[in-house]
Amino acid sequence: MATIRIPRTPTFRHHKPSNQGFVEIDGKRHYLGRYDLQSTKQAYHAFISEWMANGHRLPVAPEEITLLELADQYLEHCEVYYRDASGNPSSTQIENVATIKKVLALYAEIPAASFGPNALRAVRQHWIDDNLSITTINSRVGMIRRMFKWAVSYEMIPVETYQALATLPGLRKGRGVGKDPVEREPVPMADIDATLEHLTKPLQAIVRLQLCTGARPSEILNLKRGDLDCSGETWSAVIREHKTNYKGKKRSLFFGPRAQAVLRPFLLRNDDDYLFSPREAEKERHVRDRTGKGRRANQKPNRNKSGRTVGDHYEAHAYNRAITRACTKADVERWCPYRLRHTAATIMEATADLETASAILGHSGLNITQVYVHRDNKTAAAWAATHG
């Protein structure tokens with residue numbers, strides 16, 4: 001994780017010829033009044049507090065700041081705000097950058113305060129022309145509005161600019177504008193079985209664990225040996241990084257006999273090691289390639305020409321790519337790992353009530369109390385002991 005450098009706080013200084021107190025920022029002096037007055041020192045502290053609250057930047061008049069300048073400052077904020085527990089940029093941050101780039105490609109040099117609903121509608125039309133789904137388009141429009149809302153909170157632009165953007169209605173399904181979203185369907189078990197034959201053992205294990213637990217892909221990919229509690233009949237793991245972690249929600253996975261059988265070959269690790277390593281998959285592929293058609297038994301693996309480095313655990317996009325390649329080799333319809341959660345939910349609904357399925361999947365409503373969550377965990381553990 002890169003270190004975020006915080007600028008040094010400018011000191012309160014004395015201009016002796018005029019007996020003025022001043023502070024110097026970005027090479028410019030700001031005179032605050034007579035040096036020996038208490039009110040001047042108070043003005044200094046107020047000036048510095050506002051400078052720090054504004055991200056260590058001097059305020060810019062709303063009529064002067066361009067959309068490029070606003071976006072630059074907002075993305076600096078996003079680099080800090082949208083990070084996971086490990087300090088890596090979240091998917092929201094990556095999507096923010098791509099979305100704002102499209103806005104800047106059209107309107108970088110205009111005053112930010114003049115960006116109105118028609119400009120936002122024009123940006124949206126580009127995504128409609130690219131045949132993106134209305135769900136994706138509405139999400140990106142929301143990201144743009146969020147940038148302007150943030151700018152209003154720092155008094156960079158007038159609140160009327162954000163209020164005007166809020167009047168643009170979102171695209172709606174079935175209205176003939178934009179591509180209607182395709183609902184995720186469960187993956188047929190026959191397709192899963194065919195795909196598994198073309199995956200390495202770590203990836204096979206990840207797929208099977210998703211089916212047993214109903215977990216999101218990232219919840220399995222980020223599992224470490226120390227996260228597992230194998231002391232009881234039903235094993236469990238507290239997921240520290242998950243979708244609703246920022247809301248203070250807790251998430252646990254439970255592993256019954258089937259899931260435990262999948263996990264056992266991967267337990268000989270240190271507590272800080274990830275359970276599923278792409279490095280092990282690389283070794284497996286090299287062994288397979290060495291014995292493949294047209295290769296000598298003692299032939300070395302091909303040299304890595306791409307310069308790609310193998311990490312210590314799978315990223316979600318790499319997992320998705322591996323599934324896509326395996327689907328192509330198996331000659332089945334392409335499916336994404338998140339659809340395994342839908343497959344698992346369908347199986348759970350057939351073998352348990354909806355309340356239990358909701359508990360296993362980690363779903364919750366606004367009125368659920370901590371006591372109810374505790375009861376859910378017991379219900380989920382009981383189900384996993386029989387079916388997981």
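**Exercise 1. Find which residue lies over the face of tyrosine 274, and at what distance from the ring centre.**

Solution. Start with the rule: a charge sits over a ring if NZ of Lys or CZ of Arg is within 6 Å of the ring centre and within 35 degrees of the ring normal. Lysine 224 fits the bill, at 4.9 Å from the ring centre of tyrosine 274.

Before going on, some ground rules. This is a predicted model, where local features need pLDDT of at least 70, side-chain atom pairs count only at pLDDT 80 or more, and totals for chains, interfaces and linings use all residues. Residues are numbered from 1 along each chain as its sequence is written, and side-chain values use heavy atoms, with hydrogens and water left out.

**Exercise 2. Classify the ring pair of phenylalanine 115 and phenylalanine 148, then place both residues.**

Solution. Step one, the cut-offs: rings of Phe, Tyr and Trp (its six-membered ring) pair if their centres lie within 6.5 Å; planes under 30 degrees apart are stacked, over 60 edge-to-face, and the rest tilted. By this rule you get 8 aromatic pairs.

Step two, the geometry: the ring centres of phenylalanine 115 and phenylalanine 148 are 5.2 Å apart with planes at 15 degrees, so this pair is stacked.

Step three, the location: phenylalanine 115 is in the loop between helix H3 (91-107) and helix H4 (117-129), while phenylalanine 148 is in helix H5 (residues 134-153), so the pair ties together parts 33 residues apart in sequence. Helices here are DSSP runs (H or I, at least four residues), as are strands (E, at least two), numbered from the N terminus.

Step four, the burial: both phenylalanine 115 and phenylalanine 148 are buried, meaning under 20% relative accessible area with a 1.4 Å probe, protein chains only.

Elsewhere, ring pairs join Phe12, Tyr35 and Tyr44 in a cluster.

**Exercise 3. Work out the strand order of the open sheet and say what packs on it.**

Solution. First, the order: 3 strands run S1-S2-S3 with antiparallel pairing, where a pair needs at least two DSSP bridges. Strand S1 (13-15) and strand S3 (28-34) are the edges, each pairing on one side only.

Next, the bridges: 6 of them join strand S2 (residues 20-25) to S3. Phenylalanine 22, for instance, has tyrosine 31 in S3 as its bridge partner.

Finally, the packing: helix H1 (residues 38-53) sits on the sheet and touches S2 and S3, with contact meaning heavy atoms within 4.5 Å.

Note on methods:
Axes fitted to C-alpha atoms, helices over the stretch in contact; angles between N-to-C directions. Buried < 20%, exposed > 50% of the residue type's maximum accessible area, 1.4 Å probe, protein only.
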